[in-house]
Structures are given as structure tokens and as C-alpha cells.
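Here is my note on this protein. Please keep the structure open while you read.

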Amino acid sequence: MAYKNERRRSENDVLDKQSEREMPFLRINFILMAIAGVMIVLGFLLMAGGSSDWGAFNPDIFSTRRIVVGPTIAFLGFIFMGVGIMFSRNKK
């Protein structure tokens, strides 16, 4: 009786490992992609803001935050998204 239970446990472990290997994305991939998505949204939010009008010039459109920081964070988010998609743990 104990042999059957032990055999079932080992078969379940093998099935769990096989199904985990067959999945294209693991939990860590989803975590990395979520972080990258937050970075992309943050970059676009940093680029957002008011614009100039015909009646008044808004010098804030040329601020460092909107021209350098926002696009850099968004670009790094896109790069990090690629890393999150391609990341895999080699389990042997």
C-alpha cells in the first residue's frame, strides 16, 4: 500500500515538472513583464503635460523630465520587456 502511494507521488512530481517545463512563461517571466509595463507607463506619464497655446508659450515642454527622463525610462521599459520575455531558468 505504501508503495502505491509513493509511486503516485513520484508520478505527480514528474507530471508537475513536465507541465512546468512545457509552459512558455514561468512566474518570474510574468513578474518581469509587469515591472517592464509599469516602467513603460511611468515613462509615458513623465512625458505627459500641458502644451503651448497660440496665446502663451509654455517653456515646460522643453523640460529635462519630458525630453530626457521620460523617454529614457520608457525605452528601458521596452528593453526590460524583451528581457522578461526571453528570460528562462535552465533546470537540468
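The numbered points below go from the whole chain to single residues.

1. Basis. This is a predicted model, in which local features need pLDDT of at least 70, side-chain atom pairs count only at pLDDT 80 or more, and totals for chains, interfaces and linings use all residues. Residues are numbered from 1 along each chain as its sequence is written, and side-chain values use heavy atoms, with hydrogens and water left out.

2. Overall fold. The protein has three helices and zero strands. From the N terminus, the order is α-α-α. Helices (H or I, at least four residues) and strands (E, at least two) are DSSP runs, numbered from the N terminus.

3. Contacts. Take the contacts (heavy atoms within 4.5 Å) with a separation of 6 or more. Of these, 64% join residues 24 or more positions apart.

4. Burial. Of the 92 residues, 14% count as buried. Buried means under 20% relative accessible area, exposed means over 50%, and partly exposed lies in between (1.4 Å probe, protein chains only).

5. Phenylalanine 62. Where does Phe62 lie? Phe62 sits in the loop between α2 (27–47) and α3 (64–86). Phe62 has a relative accessible area of 56%, so it counts as exposed. Phe62 also helps make a nonpolar surface patch of about 500 Å², together with Phe57, Ile67, Val68 and Val69. Patch residues have over 30% relative accessible area and no salt bridge (a side-chain nitrogen of Lys or Arg within 4 Å of a carboxyl oxygen of Asp or Glu). Like charges are joined within 9 Å, nonpolar side chains (Val, Leu, Ile, Met, Phe, Trp, Tyr) within 5 Å. Accessible areas come from the Shrake-Rupley method with a 1.4 Å probe; for residues, only the protein chains shown count as cover.

6. Valine 83. Val83 belongs to helix α3. Its relative accessible area is 41%, so Val83 is partly exposed. The C-alpha atoms of Val83 and Met33 are separated by 8.3 Å, and the two residues are 50 residues apart along the chain.
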